[in-house]
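Student: Could you take me through one spot in this structure closely, and then show me how it fits into its surroundings?

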Amino acid sequence: MSVILRSLSKVYEYGVHAVHAVKNLNIEVQAGEFFTLLGPSGCGKTTTLRMVAGLETPTSGQIYLGGEEVTEVAPRKRDVAMVFQSYALYPHMTAYENLTLNLKVHHVPRREIEERAAVVAKMLGISHLLKKKPQQLSGGERQRVALGRAIIRRPKVFLLDEPLSNLDLKLRETMRLELKRLHEELKITTLYVSHDQGEAMVLSDKMAVMHDGVAEQIGTPEEIYHQPANIFVAKFVGSPTINLLRGFLIIEAGATTFCLARLADRADVLARYPLNGNTPEPTLARACDQEVILGVRAEEFVVHYEPRPGLLRTEVDFLEHAGSVNYAILKLVDDAEGKALANGDRLIAAVSYHERLVNGQPLWLGIGKQAKTKLFAAESGQTLQG
Amino acid sequence: MGQAIRLKLKRWPGNLLAIGLVALWLFPIFWAVLTSLKTRAQQDRLVPLFLFHPTLDNYNEIFTVSRYEVAIRNSLIISIASTFFVMVLAVCSGYVLGRVRLKHGRDIAMWILSLRMIPPVAVGVPFYLLFVRLGWIDKHLALIAVYTAVGVPFAVWLVQGFFIEIPRELDEAATLDGLTETETLWRVLIPVALPGISVAAIFTFIFTWNEYLLAYLLTTSRAKTVPLAVSENILEYHVEWGRIMASSMIVILPMLVIVFLLQRYIVRGLTLGAVK
């Protein structure tokens, strides 16, 4: 059952003051796809989900479920199931009753209700909890009951509103895998809302990165990670945050070089990085007289201990030991004006945990040959590539 | 083991104080029980009498001489009926005012609450005149109508408060589960608000049971309620203490049983709003 959002908008009027929660959203979710709406708080992702559920009426635009327009249809009739961030379990009913109320309301025969409940309970590992009330259950158990309540209906679409955000880290990781497994097993179209980009990357077939009511980019997790459409997407997706270097382009002898420099004085270049030709020539040519931003992910830097020409000189500010990977937080020594970095005042480079680094140690940063560096126009923030 | 005993001994001043206060509070009840079992002569003693030969004469008299059972029956009919009507109105109003977004919802709620500020005595005489015209004086209907009118504001305010506390997501989950609005009210909202509704019902019942002024104004003989019947034992030159105490005992007992059985719900209802 596909979900299509066409020109969807939602405006909240508060007297003279209006809030545009969702602006002209166009999204197509294929049947059986796991689609995530990803974005920071207040970007409109939950509002969009609630519009698909029917809990909010769009100000303009249409919603299609399986080809049929449902924009004005009441939530009860849409055959969608939602899992709320706070689970919204009925506190006066047992877990079993919570699971089965919707079936009872639709007059499903008692025998079938019991069977379906048994299957779902087993699938989620809550068979031993069915007689308990929500207050007697832990967060993870409640969440599974909420999931079960949605699954047991075999709806056409699942709507999940940040269902994992109330769980502690370990449980979140476990439930993430559970969700993925369930999705593979049930193959129900799923619309998932999250602000956790790591979660979205792991779970989704496709995602939409939203910001201020607008979908900045829609694509597969890979596309979004390696080919972000603009600086916002590049910064939002990927942990640790992407490094952004401010500079300009020079084209000589057919090769384009990105130069990191002090802005006022283009002559004084801090580093030169040849680009690997992802961008078409005409675009590069046009970009030569603008300020340009180069995005490099922490794992794309190559760290050198000896000075090398054309590489950026940095100094280790401190080290982050993150377990399997270590991160060196580096500051630019030569950047007195502090203008070379477009994002904060430090660079992050991933270093193998074998390398022994000390604070204050000078390092020279190169960019790996396989790195898929990203180029953005500084003014618009939009990507210059592809 | 020794440590546990030591700790308990340490708290003995506090415990003693607690026991003292409880004793102080319970003493009137205790004294009432004793008095109900005394003859007139025993009651009138200057030096209070604690050890004596008990008698059930008082209990006997209130039923034979003054037909107490009629008063009890009247009070039951009136209190149960008014509480029922009040609760029906309060739950419906409380639901609408608490969860449905009405344009002037807050104003209406405020107005209903303001009715609570009317002292019953202010409406006593007008109601009397009205009921004389209707021929309702000394009929159950009069008090049921008046108690319903007087009891609704407080009950609505209480119930509305409880309905407001219920998170909207519960409604939303219910509607996605396929329940209509009425079904949601019946199957989800009312059960969840039940502690609050019970508190409102209990308060209303107690109010109607103990109410004296309006009962006095609007009844004469046949529809007498318990407070009136008990006060009739205060005669012109003399007070029948024994009978008063006996009447009270009879009425307290079921109340005690009910409150004892429902105390968990009462406490929960009273404190539910306090801690989130």
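Tutor: Happy to, and let's begin with a single residue. A:Thr189 counts as buried because 23 other C-beta atoms lie within 10 Å, and the cut-off for that label is 20 or more. Please keep in mind that this is a predicted model.

Where does A:Thr189 sit? A:Thr189 belongs to strand β8 of chain A, which covers residues 189-194. Once its neighbours within four places in sequence are set aside, the contacts of A:Thr189 include A:Met1, A:Ser2 and A:Val3. A:Val29, A:Ala31, A:Gly32 and A:Glu33 are also among them, as are A:Lys156, A:Val157 and A:Phe158. Take A:Val29 as an example: 160 residues separate A:Val29 from A:Thr189 along the chain, yet their C-alpha atoms are 7.8 Å apart. For the chain as a whole, 66% of the contacts between residues at least 6 apart in sequence join residues at least 24 apart.

Now let's widen the view to the sheet. β8 of chain A is one of 6 strands in an open sheet with mixed pairing, and the order is β6-β7-β8-β3-β9-β10. β6 and β10 (214-219) of chain A are the edge strands, each pairing on one side only. From one strand to the next, the twist averages 15°.

One of the contacts of A:Thr189, A:Val157, leads us towards that β6 edge. Strand β7 of chain A spans residues 157-161 and pairs with β6(A) in the parallel sense, over 4 bridges. Within this pairing, A:Val157 is the bridge partner of A:Val80. Helix α4 of chain A (residues 139-151) lies across both β6 and β7 of chain A, and α4 runs at about 175° to β6(A).

β6 of chain A also takes us to chain B. The buried residues of α9(B) pack against β6 (80-83) and α1 (45-53) of chain A, together with α10 (181-210) of chain B. Which residues of α9 are buried? In this helix of chain B (residues 168-176), they are B:Ala173, B:Ala174, B:Thr175 and B:Leu176. Just after α9(B) comes B:Gly178, with a positive phi of about 105°.

Finally, here is the setting in chain A. The chain has 9 helices and 20 strands, and its C-alpha atoms fill a box of roughly 80 × 45 × 40 Å along the principal axes. Of its 386 residues, 39% are buried, and A:Thr189, where we started, is a buried residue too.

Conventions. Residues numbered from 1 in each chain as written. Chains lettered and ligands numbered in written order. Predicted model: local features only at pLDDT ≥ 70, side-chain atom pairs only at ≥ 80, totals over all residues. Helix = DSSP H or I, 4+ residues; strand = E, 2+ residues; numbered from the N terminus. Buried ≥ 20, exposed ≤ 12 C-beta atoms within 10 Å, placed from the backbone. Contact = placed C-beta atoms within 7 Å. Pairing = 2+ DSSP bridges. Axes fitted to C-alpha atoms, helices over the stretch in contact; angles between N-to-C directions.
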